Structures are given as structure tokens and as C-alpha cells.
Amino acid sequence: MINVFAKNNELVEVFAFHGFEDFPFEERNILWYELVNPTFAELACIAQNYNLNLYEDPEKSAVVKYWENSTSITINTYFIYKDSPLAFHTQAITYFIANNILFTLYRGDFPIFQEVQRRVLASPKKFHDGFDILAKILELYFEKGADCLEEVNRETSALRKQIVFELEARTHEETLISLSFLQEFNMELRDSLFDKRRIITALLKSNKVDSETKNDFNIIIKDFNSLVEFSTANLNALDNIQNLFTSQVNVEQNKIIKLFTVATMAMMPPTLIGTIYGMNFEVMPELRWEYGYPTAIVAMIVSTILPILYFKKKGWL
């Protein structure tokens with residue numbers, strides 16, 4: 001499917017592309033071709049008329065982020081989306097700019113483009129060529145990225161509170177899974193922001209972009225710089241939480257080890273008493289005591305209690 005966004009006077013209209021013979025291109029200023037899961041025939045039609053190579057899979061061509069020649073600009077990038085509290089995915093997309101027209105090629109569904117379409121149709125006077133559309137896409141991705149980072153920040157704060165004050169609310173495995181996901185998602189999002197920043201830097205160096213649009217790109221790249229700093233702060237906070245969680249686990253383990261150590265130490269005196277009176281020597285006078293057995297039992301109990309009281313007095317328990 002191909003959607004065509006064309007400017008007619010002061011309005012932007014959307015058409016479903018079925019071929020150049022059915023569309024009055026000479027009467028309108030084309031801004032944007034949105035190629036959504038296009039067929040080979042649709043790609044061939046567009047490629048032939050605009051001399052573009054549209055046949056590479058965005059996933060495979062993503063190694064080359066930016067390519068510019070005398071007639072066109074090719075940009076390979078990816079967007080990152082959070083599907084659920086513990087899942088996210090990345091989606092590849094390719095941009096082509098030729099004759100000041102933007103071509104977007106992707107497979108699947110991009111929610112961000114639906115918002116771009118609404119804004120283009122709502123404020124048509126702001127869009128004069130494909131570079132303006134591209135600037136709006138990057139601007140919206142900045143907004144989505146800011147929302148994602150704020151959500152990560154909120155989840156990071158909640159996780160810190162749970163570790164400090166409500167450690168029993170979840171298992172260690174659940175805490176590790178949440179922490180690992182937040183770290184991975186934040187790193188992937190930061191890489192995506194770096195990716196967009198590289199692309200904008202390349203566009204600022206291009207002589208195909210007019211000065212007014214470059215001013216917009218300068219503002220956008222500053223916004224992305226702030227998001228990169230925000231993501232770095234989130235990663236530092238997550239590293240602190242990981243250290244805090246490790247310390248909490250160590251404290252719990254030390255408590256368990258201390259308990260077993262104290263129990264072992266407390267059982268040593270009665271074990272010694274039991275061992276001594278287990279030696280059936282004839283010359284042991286206690287063997288003939290009428291109350292020898294209960295006396296030994298009482299001695300064992302007292303020898304267990306006394307070390308525990310001593311440990312408590314010293315503050316070891």
C-alpha cells in the first residue's frame with residue numbers, strides 16, 4: 001500500500017497510489033510517499049520514476065545509516081517500541097529523499113506515522129517539502145522517547161523503593177528480571193537516540209537541506225542531546241539500584257550465615273557434655289548417680305542458653 005501526501009494550495013490531501021497514470025501529479029506538490037508493506041510492482045513503479053533503489057530489506061541495509069548522492073538521500077534507521085511492562089521491540093525503516101519528496105518504506109505497523117499524518121493534515125501550512133515531514137517524524141520520535149524515558153524513570157524509582165522498603169513484596173528473581181529489563185530497554189533506547197543524532201548531524205551537513213529546515217534540525221538535535229543525558233542518568237540510577245540490591249541480598253545472606261554460626265557455637269557445649277558422658281568408663285562417678293541422666297540434660301540446656309545470652313549481650317544477635 002502506498003499513501004501519497006500532496007499539497008494543493010494551502011491544504012494537504014491524502015491519496016491511495018495506484019499508478020502515475022491515475023494521479024494528477026502536475027497539479028499538486030508531492031510531499032510524502034508512505035510505502036507500507038508495498039508490493040514489488042508498487043516499488044518498481046516508484047523506483048522507475050524517481051530513480052531510487054527501493055528493493056533492499058531495511059533490516060539488511062541498516063548497516064549503512066546515511067548515504068547521499070547527487071540526486072537523493074538514503075537513511076536507514078530503526079524505532080524502538082515498548083509492548084508491555086517487560087517487552088519491547090525494534091522496527092527498521094528506510095527513508096529516501098529525492099526531488100524534495102520524502103519516501104518512507106517499512107514493513108509492519110508504525111503508530112508514530114499515524115500521529116505524523118494527523119499533524120500534517122491538521123497544520124498543512126507548516127509543511128512545504130519532504131524535509132519538513134522528516135523533521136516532524138524526528139520531532140515526534142523525540143516526544144515518544146521522552147515519554148519512554150520518563151516511564152523508565154518512574155519504574156526505576158518504584159523499584160528502588162521496593163528494594164529498600166518492600167523487599168518482601170517480590171522475589172529476588174522478579175526483582176532481577178525487572179532490573180535487567182529496565183537496563184536493556186534504556187540502553188537500546190539510548191542507542192536509538194544516538195542513531196537519530198548521527199542522522200540529523202549528517203542532514204545538517206547536506207546542501208540539499210534549506211536553512212530554515214536546518215534551524216529545525218538544530219533544535220531537534222539539542223532535544224536529542226538532552227534525552228541522551230537523561231538516559232545516561234537513568235542508567236546510573238539503575239546501576240545504583242543494582243548495587244543496592246546486591247547489598248541487600250548480601251545482608252540477608254549474612255543474617256542466615258550468622259544464624260547458623262550462632263546455632264553451631266551454641267550447640268558445641270552440650271555436644272561436648274554429651275560426648276564426655278557417652279564415654280562409659282567405670283571410674284566415672286556420675287555413672288552411678290541416681291539423677292545423673294537428668295543432670296546431664298539440664299547441663300546441656302544451660303550450656304546452650306548461656307552462649308545465646310552472651311551473644312545477645314554483645315549485640316551479635
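1. Starting in the middle of the sheet: S3 and S7 run parallel to each other and share 5 bridges. Within that pairing, Val36 sits opposite Tyr106 in S7. Keep in mind as you read on that this is a predicted model.

2. Two helices pack on this sheet. H1 (residues 40-50) touches S1 (2-8), S3 and S7, and its direction makes about 150 degrees with that of S7. H4 touches S3, S5, S6 and S7, with its direction at about 30 degrees to that of S5.

3. Now the whole sheet. It is open, has 7 strands and mixed pairing, and reads S2-S1-S3-S7-S6-S5-S4 in order. S2 and S4 are the edge strands; each has a single partner, so one side of each has no neighbour in the sheet. From one strand to the next, the twist averages 20 degrees.

4. At the S4 end, S4 (residues 66-68) pairs with S5 in the antiparallel sense over 3 bridges. A hairpin through 3 residues makes the connection between S4 and S5. If you want a residue pair to look at, Tyr66 stands opposite Ile75 in S5.

5. On to S5 and S6 (residues 87-98): these two are antiparallel and joined by 12 bridges. Lys82 has Phe88 in S6 as its bridge partner.

6. How enclosed is S5? S5 covers residues 72-84, and 11 of its 13 residues are buried, so the rest of the structure largely encloses this strand. For orientation when you click through the side chains: in a regular strand they alternate between the two faces of the sheet.

7. H3 (residues 111-122) passes a quick geometry check. At 1.5 Å a residue, its 12 residues should span 16 Å, and the end C-alpha atoms are 17 Å apart, which agrees.

8. Which residues of H3 are buried? They are Ile112, Phe113, Val116 and Val120. Looking down the axis of H3, these buried residues fall within an arc of 95 degrees, so they line one face of the helix. The spacing makes sense, because an α-helix has 3.6 residues a turn and residues three or four places apart point the same way. Arg118 and Ala122, on the other side of H3, are exposed.

9. What covers the buried residues of H3? The cover includes the strands S2 (11-16), S3 (29-36), S5, S6 and S7 (101-106), along with helix H4 (130-165). S3 and S7 are the parallel pair from the opening point, and H4 is one of the helices packed on the sheet.

Terms used. Residues are numbered from 1 along each chain as its sequence is written. This is a predicted model: local features need pLDDT of at least 70, side-chain atom pairs count only at pLDDT 80 or more; totals for chains, interfaces and linings use all residues. Side-chain values use heavy atoms; hydrogens and water are left out. Buried means under 20% relative accessible area, exposed over 50%, partly exposed in between (1.4 Å probe, protein chains only). Helices (H or I, at least four residues) and strands (E, at least two) are DSSP runs, numbered from the N terminus. Two strands pair if DSSP finds at least two bridges between them. The expected span of a helix is 1.5 Å times one less than its number of residues. The arc is that of the directions from the helix axis to the C-beta atoms. Contact means heavy atoms within 4.5 Å. Axes are lines fitted to C-alpha atoms, for helices over the stretch in contact, and angles run from 0 to 180 degrees between N-to-C directions.
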